[in-house]
Amino acid sequence: IKQVEVDPSTPLTLSIPYPIGTNFTIKAKATNCWRSSQCDTYTCEELFHVVDSVEHVRFSEGNAYHVDSTTGVLTIRIVMFNKKYTGTPKWHLPTWDTPGREGQEQYALGRFERNGVLLPSGTLESIIEISAECTNDGIHCTETLPSSTDYDNVCSQGYVQDSYDRCCNPLDASDCEYAEDVNIVLPTDPPTPVVNSNDIIVNGDFEDPLICPWIYGNNQFDVALVDNTNAANGTDTGGKAITVTNRVASFSGLSQDILGKLQYATDYQFKATMQVLNGAPSNLAIKLNIRYENGDSSYPTLGWKGNSPVGEWTVFDRTVSFTPDPSKGNVTWAFIYAETPGSTVDYMLDGVS
């Protein structure tokens, strides 16, 4: 499906009958997409997920599908998305205000706009691909389709749909209801992804397999994502955690740039869980690395625990704040990182926020 031209708030769906038992792989593909580095936050492809009703498809952000087990009807939502990315990194349904790829274009969605009139402008490079696995003779399924009648009736009782956005009374052609009628329940505008704007740490739970935007891979240490099957008590960590091994210095390990996000003289509730993996009990610390315009540096401590036992979680949970020294000029560097007394200590980290 190419060259889609539809308003983001329009709940346009497409239903196609298939033989019962057909398996589907459905993707949105931005074919003019690229990744400039491993930590590039732009993604080029989105795999759709299955939902349990057509209504959930309509209310979705366009990356869901439904298959009726009785009729064999597949339903997807038809949406526009950018030709150069599908997510950042997670998929979200673009609106008219969603920015385009940084440095490439102003808006994610093409449009023709003049004198207050805005028309969608589709592209051949944004593709919704439906791959169906069934008994076939090439491109066609050969099994008989089940009968499907009166499927997905969107009209009120006593009305019949006679166009995309209108249902009329067959006994009175002047009695019609329209999609914009206030008494007709239709999907709302695309939902806004819930973002905790107060959390300045990204991917602190390490669920992103790319580990981004944490900085690693500089030949100073090794990292590996592991299953966190024994999360720290009283925390909501779990899923994945990260191990840091083969470090060349006490400060060698993951770090994340928070310059531009860290608000000065502001209270933050800092949380993290950290664990010594080898050797003897060791001190553990998570700090800031601050550099100033005049070349000076400081290393404020966010969390510290002395003699943390091997194989047991240390839980950091405290209120912190940072106020720069104005005599040293502007802050030019602000990173969060973990530290141990020596390079021989391997550690595991999770739930940083």
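Select valine 352 in this predicted model. Leaving aside neighbours within four places in sequence, valine 352 is in contact with Ile201, Gly204, Phe206, Trp214, Phe270, Lys271, Ala272 and Ile336. Two of these partners, Phe270 and Ile336, appear again in the next selection, where they are listed with Ile286 and Val352 as the residues with the most contacts inside the largest nonpolar core. That core has 33 residues.

To display the elements around this core, select strand 14 (240-245), strand 16 (268-276), strand 17 (282-292), strand 20 (313-320), strand 21 (331-339) and strand 22 (347-350); these are the elements that give two or more residues to the core. Apart from it lies another core, of 19 residues, and Val6, Phe24, Ile76 and Leu109 are among its members.

Return next to the loop between strand 12 (172-178) and strand 13 (222-227), and select asparagine 203, which lies within that loop. Is asparagine 203 buried or exposed? Its relative accessibility is 13%, and because buried means under 20%, asparagine 203 counts as buried. A polar atom of the asparagine 203 side chain lies 3.2 Å from the backbone nitrogen of aspartate 208. With residues up to four places away in sequence not counted, asparagine 203 touches Asp208, Ile211, Cys212, Pro213 and Trp214. Trp214 is also one of the contacts of valine 352.

Now select strands 2, 3 and 9. They form an open sheet of three strands in the order 3-2-9, with antiparallel pairing. Strand 3 (45-47) and strand 9 (126-133) stand at the edges, and each has a single partner strand, so one side of each is left without a neighbour in the sheet. From one strand to the next, the twist averages 20 degrees.

Within this sheet, display the pairing of strand 2 (residues 23-30) with strand 9: the two run antiparallel and are joined by eight bridges. To locate one bridge, select lysine 29, whose partner in strand 9 is isoleucine 127.

The last stop is a hairpin. Select strand 7 (residues 111-114) together with strand 8 (residues 117-120); they pair in the antiparallel sense over four bridges. Glutamate 113 has leucine 118, in strand 8, as its bridge partner. Which residue of this hairpin takes a positive phi? Two residues stand between the strands, and asparagine 115 takes a positive phi near 50 degrees.

Methods:
Residues numbered from 1 in each chain as written. Predicted model: local features only at pLDDT ≥ 70, side-chain atom pairs only at ≥ 80, totals over all residues. Heavy atoms only, no water. Pairing = 2+ DSSP bridges. Axes fitted to C-alpha atoms, helices over the stretch in contact; angles between N-to-C directions. Buried < 20%, exposed > 50% of the residue type's maximum accessible area, 1.4 Å probe, protein only. Polar contact = N/O pair within 3.5 Å; in protein donor to acceptor, adjacent residues only side chain to side chain. Contact = heavy atoms within 4.5 Å. Core = buried A, V, L, I, M, F, W, Y, C linked by side-chain atoms within 4.5 Å.
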